[in-house]
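Let's take a walk through this one together, a piece at a time. Have the viewer open and follow along as we go.

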Amino acid sequence: MNIVYPIISLGLLVLVWFLVAKAVDIQLIVPRVGDTFSKLWRLLGENSFYLALGGTLWRSLLSFFIALVLAILLAIISNFIPVIYKLLTPIVTIIRAIPTMSVILLTIIWLNSDYSPLLITLFIIFPIMYSNFYTGITSVDSELIEMSKAYNVRKKDMIFSLYLPNIAPSFFDTLQSAISLNVKIIISAEVLAQTKLSMGLMMKLSKGILDTSELLAWTIVAILLSYFLENVIILIKKLVIRW
Amino acid sequence: MQLTNIYKKFDKKVVFEDFSMNFDEHKITCILGKSGCGKTTLLNIIAGVITAESGVVVGKSEKISYIFQNQLLLKNLTVYKNLEYVLKNTVFSKEEINKQIKAILDKVQLSEYAKYYPKQLSGGMAQRVSLARAFVYPSDLILMDEPFKGLDVSLKKRIMNLFKDLYRDNSKTTIFVTHDIEESLILGDRIIVLDDGGKILLDKKIAQSIFERDINSLADLRAEIYNII
C-alpha cells in the first residue's frame, strides 16, 4: 500500500513530462523522457560521472558534518552558558537573513572553487541546525529534570537517558530536512564556483553545450542522491528511536 | 527531620515566612491546603530541587523518593530501565539492582510489563511504576505530590491500597501533599492544613494505624478540616 501511491504519482509526473515534451517537440527546451533516461544510462558508464558524483557527495557530507558538529557543540554550550546564547542569537539571525545567492557569490570571491561550497553550506545549514538543536535541548521536560535531581541521578545518566533521547526526534527531523537542502545548495554553489569534479560543473557544462537532456539526467541524479541520503537518516532514526 | 525558619519567595510573593516544622519518622504526614499555598514548594525545598532564601532543613535523608502527580517516567526507557535509571547511582551492584527491580515489579504486579515502554501502559499502570520507583529506591523519605489526582475512584482506591501494601513492608517517612480531605484521612498519620505564607491552620495526629483505620470514626476531624479549608 505504501509503495502504490508514490508509483502512481511518479507515473503521473512522467506522463505529464512525456505529453509536454511531445507537445513542445523541441528537444532543446523539453527533452523526451526516453532520451533523458538513455543519457542517464550513458552517464552511468562514464568515469567522469562517478568522479563528479563522488566529489559532490564528499563535499555534501563534509560540510554537513562540520555544520552538525558545530551546531551541536554551540547548542550545548548555549544551553549551559546563557551569555553565549545571547551573543550568538543576533549573529545567527543575521546569517539566516542573508540571501543564499549573496552567500554563494561572496564565498566564491573569498575562497577558491574547491572550498567555497563548504563555507556556503556552513552559512546556510548551520543556523538551521543550531536553532533546532538549541530548541530541542531547552525543551526537555523540566519536571523530568527535577525528578532526576530528586532521585540523585548521575549527570552522565541524565545526558544519555534523558537529554539525548529527548532531543533525538527533532535532531533527526532536522538532519533529514537539512541533508537534502545541503545537496541542493552544494550543487548551486558548484555551478557558480565551477568546482572541479562536481555535479554542479557537469550541469553547467551540459547547459553550455545546450544538452538539456543531460542536464535533466544530472537533475535526476541529484534528486536520487538527496533521496538516498534522506533515507539513510530515516534508517538511522528508526534504529536509534525505538520507543 | 526538621524544617527551621524557612523563608521562600517567588518574585514578590512570599510563600513561606519563617516556617518551621518537625516530621515524624516512619509516619505519613499529610499536608492539605488550597492551590498556591506552597505545598509543592515545600516538597521541592525538602528534595533540594529548589532552595529557600533562608532557613535550614535538618536531619534530611541523603536519598529521597519522589512520587509526582504526573508519573514522570522517561518515555524512551522501558519499565525496567525506568527503575534502573534511579538505582544506578546507589550502592547496589548490577545483580542487586536486577534482583530489587524484579522483586518490586512482582509486588506491584507488573512483572510481565518490564519490557514495555510508558506509552504502552495505562495511567494506573504508570502510577504503579512510579510507586515502585519510590519504594525500590533506597531512601528514608518519600515525598508525594498529589499522586492520586486525576485517577477515577476505583483506580484511586486500588493505587492507595497498593501504596499501603508497599508501605507496610517498608515504612519510610512520608510527606504527602494533597488537596483531597478523604485521601488525607485514609493515609495520614498526621494531618496539617496550610494557609498562605505557610501559616499552619491545623495540625492533628491520628492514633489509629492506617492499616486498621475506620474512616467513619474520623467524622469530627473531617468536619473540622472542611470548616477551615
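Which residue in β4(B) does Thr4(B) stand opposite? Find Thr4(B) and look across to β4(B): the residue facing it there is Val56(B). Keep in mind as you look around that this is a predicted model.

That pair belongs to a strand pairing in chain B. Strand β1, residues 2-10 of chain B, runs antiparallel to strand β4, residues 54-58 of chain B, and four bridges join the two. β1(B) has another partner as well: six bridges tie it to strand β2, residues 13-22 of chain B, again in an antiparallel arrangement. Where β1(B) turns into β2(B), there's a hairpin with two residues between the strands. One residue to click on here is Asp11(B), which takes a positive phi near 55°. By the hairpin you'll also find Phe10(B), standing opposite Lys13(B) in β2(B).

Now move on to how chain B is divided up. The domain assignment gives domain 1 as 24-52 + 140-229, and domain 2 as 73-138. So to speak, you'll need two selections to colour domain 1 of chain B, since its assignment is written as 24-52 + 140-229. The C-alpha centres of the two domains of chain B lie 24 Å apart. Where they touch, nine residues come from domain 1 of chain B and ten from domain 2 of chain B. On the domain 1 side, the largest share, five residues, is supplied by helix α5 of chain B, residues 153-169. What sort of residues does that side of domain 1 of chain B put forward, nonpolar, polar or charged? Eight are nonpolar, one is polar and none is charged.

Next, a stop at helix α2 of chain B, residues 79-87. This helix is mostly covered, with eight of its nine residues buried. Among the buried ones are Val79(B), Tyr80(B), Leu83(B) and Val86(B), and the list also takes in Asn82(B) and Glu84(B). What does the covering? Part of the cover comes from chain B itself, including α3 (94-107) and α4 (123-136), and part from the other chain, including α8 (155-193) of chain A.

That brings us to the place where the chains meet. The contact takes 18 residues from chain B and 15 residues from chain A. On the chain B side, the elements giving two or more residues are β5 (64-67) and α2 (79-87). The residues on this side of chain B split into twelve nonpolar, three polar and three charged.

Finally, cross over to chain A. You won't find a strand here: the secondary structure comes to ten helices and zero strands. The C-alpha atoms of chain A fill a box of roughly 75 × 50 × 30 Å along the principal axes. Of its 243 residues, 33% count as buried. Among the contacts in chain A with a separation of 6 or more, 73% are between residues 24 or more positions apart.

For a closer look at one helix pair, pick out α5 (residues 100-110) and α6 (residues 116-138) of chain A, which pack at an angle of about 145° with their axes 9 Å apart. The crossing is right-handed. From α5(A), the residues in the contact include Val103(A), Ile104(A) and Ile108(A), and from α6(A) they include Leu119(A), Ile120(A) and Phe123(A). Taken together, the residues of this contact come to seven nonpolar, three polar and no charged.

Notes:
Residues are numbered from 1 along each chain as its sequence is written. Chains are lettered from A and ligands numbered from 1 in the order in which they are written. This is a predicted model: local features need pLDDT of at least 70, side-chain atom pairs count only at pLDDT 80 or more; totals for chains, interfaces and linings use all residues. Two strands pair if DSSP finds at least two bridges between them. Domain bounds come from an automatic or database domain assignment. Two residues are in contact if their C-beta atoms, placed from the backbone, lie within 7 Å. Ala, Val, Leu, Ile, Met, Phe, Trp, Tyr, Cys and Pro count as nonpolar, Asp, Glu, Lys and Arg as charged, and the others, Gly among them, as polar. A residue is buried if 20 or more other C-beta atoms lie within 10 Å of its own, exposed if 12 or fewer, and partly exposed in between; C-beta atoms are placed from the backbone. Axes are lines fitted to C-alpha atoms, for helices over the stretch in contact, and angles run from 0 to 180 degrees between N-to-C directions. A crossing is left-handed if the near helix is turned anticlockwise from the far one by less than a right angle, and right-handed if clockwise.
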